[in-house]
Structure formats: structure tokens, C-alpha cells
Amino acid sequence: FSKVEEQKKRIQNHLQTTGFNFEGFRITKYNGIVNGEAVLGAGILSDPNMKFLELFKAEPEVFSEKITEAREAAIIKLIEESIKKGGNAVIGIKFDYIAFSNNIIGVVASATSVIVEAD
């Protein structure tokens, strides 16, 4: 139980940015590229009710929520990979979205794992 709680705390405290530095910190080591992937089935796209919403240009909220969940799962996996490499932060986070057949979408988060120390 304590290992799970410790891992959750490390994930929550892991610094992250789409930029390439953190104000008030300096990068002391680059640990390499890390990735996190998540796949979601977007079967709602074939739902007849979605077609109705699209007629009125309404954003399908359910679909947006699924993408958000997948992006968050990809970030957690990315941070877990950074932790395995000894990092306490990730820089240069980038997201890619991949559409597979049968309404399946993949979210890939990529970044560089680093060790940062306060200035």
C-alpha cells in the first residue's frame, strides 16, 4: 500500500511543461525521451444521436471527455517512464493523435525526462 501511495505522490510532484525549462530550476541531467500511449474506442461517432448534434455544430461532449481521459492516461504513463529513468520532471511535452480504423483513436504523449534542482 505504501509503495502505491509513494508512486502517486511522485507522479503528482513530477514537474511537467511543454517548454524546455522551469523558472527557478536548472536542469542537471537529461535522461532521454519518454512516451506514454493510450487508446480509446470512439464508438460514439457512429451513434445516431451524434449525427443530430453535428447538424447543429454542437461539440459532442462525450467524445471530448474520452479524449481528455486518454490524454491524461498518456501523461501518467509518460511520467511513470520518466520516474523509471530517474527523472523528476519532463520537458517539451507534445501530443499526437492517431486515428485507427473502426473509430479507435490513440493518444501519444512524448517528452524528455530530466532531473531538475531548485536554483
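In this predicted model, a nonpolar patch on the surface is formed by Val39, Ile98, Phe100 and Ile104, which together have about 340 Å² of accessible area. One of these residues, Ile98, lies in strand β3, the strand that covers residues 89–100. The relative accessible area of Ile98 is 35%, and Ile98 is therefore described as partly exposed, since that class falls between the limit of 20% for buried residues and the limit of 50% for exposed ones.

The patch belongs to a protein whose secondary structure comes to 3 helices and 4 strands, and these elements follow one another along the sequence in the pattern α-β-β-α-α-β-β. The protein has 119 residues, of which buried residues make up 32%. Its accessible surface comes to about 7,800 Å², and carbon and sulfur atoms account for 55% of that area. When contacts are considered between residues at least 6 apart in sequence, 77% of them join residues that are at least 24 apart.

A search of the whole structure for salt bridges finds 3 of them. One is formed by Arg26 and Glu117, whose closest N and O atoms are 3.3 Å apart. Because Arg26 lies in strand β2 (residues 25–41) and Glu117 lies in strand β4 (residues 104–118), this pair ties together parts that are 91 residues apart in sequence. Both partners are classed as partly exposed, with a relative accessibility of 40% for Arg26 and of 37% for Glu117.

Another salt bridge joins Glu81 to Lys84, and here the closest N and O atoms are again 3.3 Å apart. In this case both residues lie in helix α3, where they are 3 residues apart, or about one turn of the helix. The two partners fall into separate accessibility classes, for Glu81 counts as partly exposed at 31% relative accessibility, whereas Lys84 is exposed, with a relative accessible area of 65%. A salt bridge is also found between Asp96 and Lys94, with 3.1 Å between the closest N and O atoms. Asp96 counts as partly exposed at 31% relative accessibility, and Lys94 is likewise partly exposed, with a relative accessible area of 45%.

Helix α3, which spans residues 61–84, also contains Ser82. With a relative accessible area of 0%, Ser82 is buried. The side chain of Ser82 takes part in polar contacts with two other side chains, one of 2.9 Å with His14 and one of 2.7 Å with Ser113. If residues up to four places away in sequence are not counted, the residues that Ser82 touches are His14, Val34, Gly87, Ala89, Val90 and Ser113. His14 and Ser113 thus appear both among the residues touched by Ser82 and as its partners in polar contacts.

A further buried residue is Thr17, which is found in the loop between β1 (15–16) and β2. The relative accessible area of Thr17 is 19%, and this residue is classed as buried because the value lies under the cut-off of 20%. Apart from residues up to four places away in sequence, which are not counted, Thr17 touches Phe22, Val90, Ile91, Gly92 and Ile93. Val90 is also among the residues touched by Ser82, and therefore appears in the contact lists of both of these buried residues.

Phe22, one of the residues touched by Thr17, is also involved in an aromatic pair, and the count of such pairs comes to 1. The pair is formed by Phe22 and Phe25, with 6.4 Å from centre to centre and an angle of 75° between the planes of the rings. The arrangement is edge-to-face, because the angle between the planes is over 60 degrees. The two members of the pair belong to separate accessibility classes, since Phe22 counts as buried at 13% relative accessibility, while Phe25 counts as partly exposed at 34%.

Terms used:
Residues are numbered from 1 along each chain as its sequence is written. This is a predicted model: local features need pLDDT of at least 70, side-chain atom pairs count only at pLDDT 80 or more; totals for chains, interfaces and linings use all residues. Side-chain values use heavy atoms; hydrogens and water are left out. Rings of Phe, Tyr and Trp (its six-membered ring) pair if their centres lie within 6.5 Å; planes under 30 degrees apart count as stacked, over 60 as edge-to-face and the rest as tilted. Buried means under 20% relative accessible area, exposed over 50%, partly exposed in between (1.4 Å probe, protein chains only). Helices (H or I, at least four residues) and strands (E, at least two) are DSSP runs, numbered from the N terminus. Contact means heavy atoms within 4.5 Å. Accessible areas come from the Shrake-Rupley method with a 1.4 Å probe; for residues, only the protein chains shown count as cover. A polar contact is a pair of N or O atoms within 3.5 Å; within protein, one must be able to donate a hydrogen and the other to accept it, and residues adjacent in sequence count only if both atoms are side-chain atoms. Patches are made of residues with over 30% relative accessible area and no salt bridge: like charges are joined within 9 Å, nonpolar side chains (Val, Leu, Ile, Met, Phe, Trp, Tyr) within 5 Å. A salt bridge is a side-chain nitrogen of Lys or Arg within 4 Å of a carboxyl oxygen of Asp or Glu.
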